[in-house]
Amino acid sequence: MRRKTLSAGVLCSTAVLCSTALVAMSDLSAGTASAAPSGLRGDFNGDGYADLAVGMPKAAVGGKAKAGYVNVVWGSPKGLGGKGSTSVSQDSTGVPGTAEAGDLFGTAVAAADLNGDGYSDLTVTAPGEQVTNTGTDREGTATVLWGSATGFKSGLTAAKGAADGRLGRLLSVGDYDHDGHKDLALSTAGEEGGAMQLRRGPFTAGSSTATSLIQGYQFAAPQAVTTGDFDGDGGDDLAVTYDGMESAGTHVLSKASGGWKTTWSTGDHGSAIVAGDLNGDKATDLAIGLVQANPEADGTLCEDRLGGAVAVILGKPGTTLGGVATCATQSSRAVGGTAEPEDDFGAALAVADVDRSGYDELVVGVGREGVGTRAKAGSWYSLSVVGPEATLVGSPRTQDTERVPGTAEAGDRFGGAVASGDYNGDNYLDIAVGAPGENAGSGGVWDFQSREEGDPLPILSVTPGSLGLRGAVEFGGTLSR
């Protein structure tokens, strides 16, 4: 088994000041950036440090309930928060649209370089947006904000939904049609079912905001989505897990040529899904979190699902997910902890090769985990895939773990969201862990900095209070990856 490398340290006490939720786009700067953009995933200002976008769709903007905004916490040599943060709403200069009650701007956020200039751009969805401003329909929109050396300067409306489709509860980015331009995969959900829709790139001023159907689900809706090269052809594929009254399952979809086709499927579905190379064989693997069985299907990947289960399906060179399938709960022999009802083990997932070993660790959030007598205090795991049977091995961390800032409290939901990025620029991926229930629901994010050897780096706690935010709601519940 590989050595665990995530450090546990002390709280960074550096005070930082930042902008509020109503800052203008012209002020969205993170200080001096590098002369040339870093090209680093998640680095919006090109300074060599990944940044973290935190969506708060339930927050009020200008007195408008649930208009929503996004707070971008800048990376720095010290990690997240060392350069403060910047907030963006639809009332910010340069952002298309106007903040309105119920827009839910910030429901999904994603970091990707959409125009090839070396700066990561920020895509933000607002599934509650009313495109026509008539009746009660909420069609939904997706907005792209362009990264630059001085932060976000401008943006465009990339996609618009239709007919009360509430476009954008889910979002993933990839070049699905293999034309050299990044695309957006966006979910819709209506009374009679949902779908995944494609907004093809490129994203330029005046380009069409229309989308095309990837896959529809009658009386069901997508629950989670991720992107990866599951068939090894060098292009991006889409994995979707969905559930509803009449159908459920998980599909891997490919658009190498012509229309979309399903290249792998299972009747099992979940609340989270993620792609990565978990066993170091250069093939993309798939993990499904909080697995549920389809009662209409024969068998399931996870017979034991008490408290939540995570299924891993290994890839295999030359095919799509042709390797070993395995499953784990908190009661599995190599996973520390005890499975209890409603823990929601696997409700949040991410991957990160924290020690640059060529193996991704599977980051598992357990936001409803009880810690002692404190219900829903939350925890998270870093799990490794070990051996020919792909055994998942790891142990939990809570706010009561040694050197983790704070104290586990009822309702914190520590582990409610997880993400990864090189937030301190040392070429090792760090883990961001959200606790949207922290401090009576204003929330917080913990930055677990990684290194291969040497003294452990500090674990940082970033909260709305430390960032000077006003009106934060469930900060840490939605994180960019």
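1. In this predicted model, arginine 368 and glutamate 342 meet through their side chains in a salt bridge, with an N to O distance of 3.8 Å. The two residues come from distant parts of the chain, 26 residues apart. Arginine 368 sits in the loop between strand S21 (361-366) and strand S22 (379-386), while glutamate 342 sits in the loop between strand S19 (325-328) and strand S20 (348-352). As for solvent exposure, arginine 368 has 30% relative accessibility and is therefore classed as partly exposed. Glutamate 342 is exposed, at 58%.

2. Arginine 368 also forms a salt bridge with aspartate 344, here at 3.6 Å from N to O. Aspartate 344 is in the loop between S19 and S20 and arginine 368 in the loop between S21 and S22, so this pair ties together parts 24 residues apart in sequence. Aspartate 344 counts as partly exposed because its relative accessibility is 22%, and the limit for buried is under 20%.

3. Another salt bridge joins glutamate 474 and lysine 58, whose closest N and O atoms are 3.5 Å apart. The sequence separation is 416 residues. Glutamate 474 belongs to the loop between helix H2 (464-467) and strand S28 (478-479), and lysine 58 to the loop between strand S1 (52-56) and strand S2 (69-73). Both ends are partly exposed: glutamate 474 at 23% relative accessibility, lysine 58 at 43%.

4. The total for the structure is 8 salt bridges. Among them are the pairs described above, namely arginine 368 with glutamate 342, arginine 368 with aspartate 344, and glutamate 474 with lysine 58.

5. How many disulfides does a search of the whole structure find? The search returns 1. The cysteines are 302 and 327, with their sulfur atoms 2.0 Å apart. The link is right-handed, with 115° about the S-S bond. Cysteine 302 lies in the loop between strand S17 (285-289) and strand S18 (310-313) and cysteine 327 in strand S19, so the disulfide ties together parts that are 25 residues apart in sequence.

6. Are the two cysteines of this disulfide buried or partly exposed? Cysteine 302 counts as buried, with 1% relative accessibility. Cysteine 327 has a relative accessible area of 25% and is therefore partly exposed.

Conventions. Residues are numbered from 1 along each chain as its sequence is written. This is a predicted model: local features need pLDDT of at least 70, side-chain atom pairs count only at pLDDT 80 or more; totals for chains, interfaces and linings use all residues. Side-chain values use heavy atoms; hydrogens and water are left out. A salt bridge is a side-chain nitrogen of Lys or Arg within 4 Å of a carboxyl oxygen of Asp or Glu. Helices (H or I, at least four residues) and strands (E, at least two) are DSSP runs, numbered from the N terminus. Buried means under 20% relative accessible area, exposed over 50%, partly exposed in between (1.4 Å probe, protein chains only). A disulfide is a pair of cysteine sulfur atoms within 2.5 Å.
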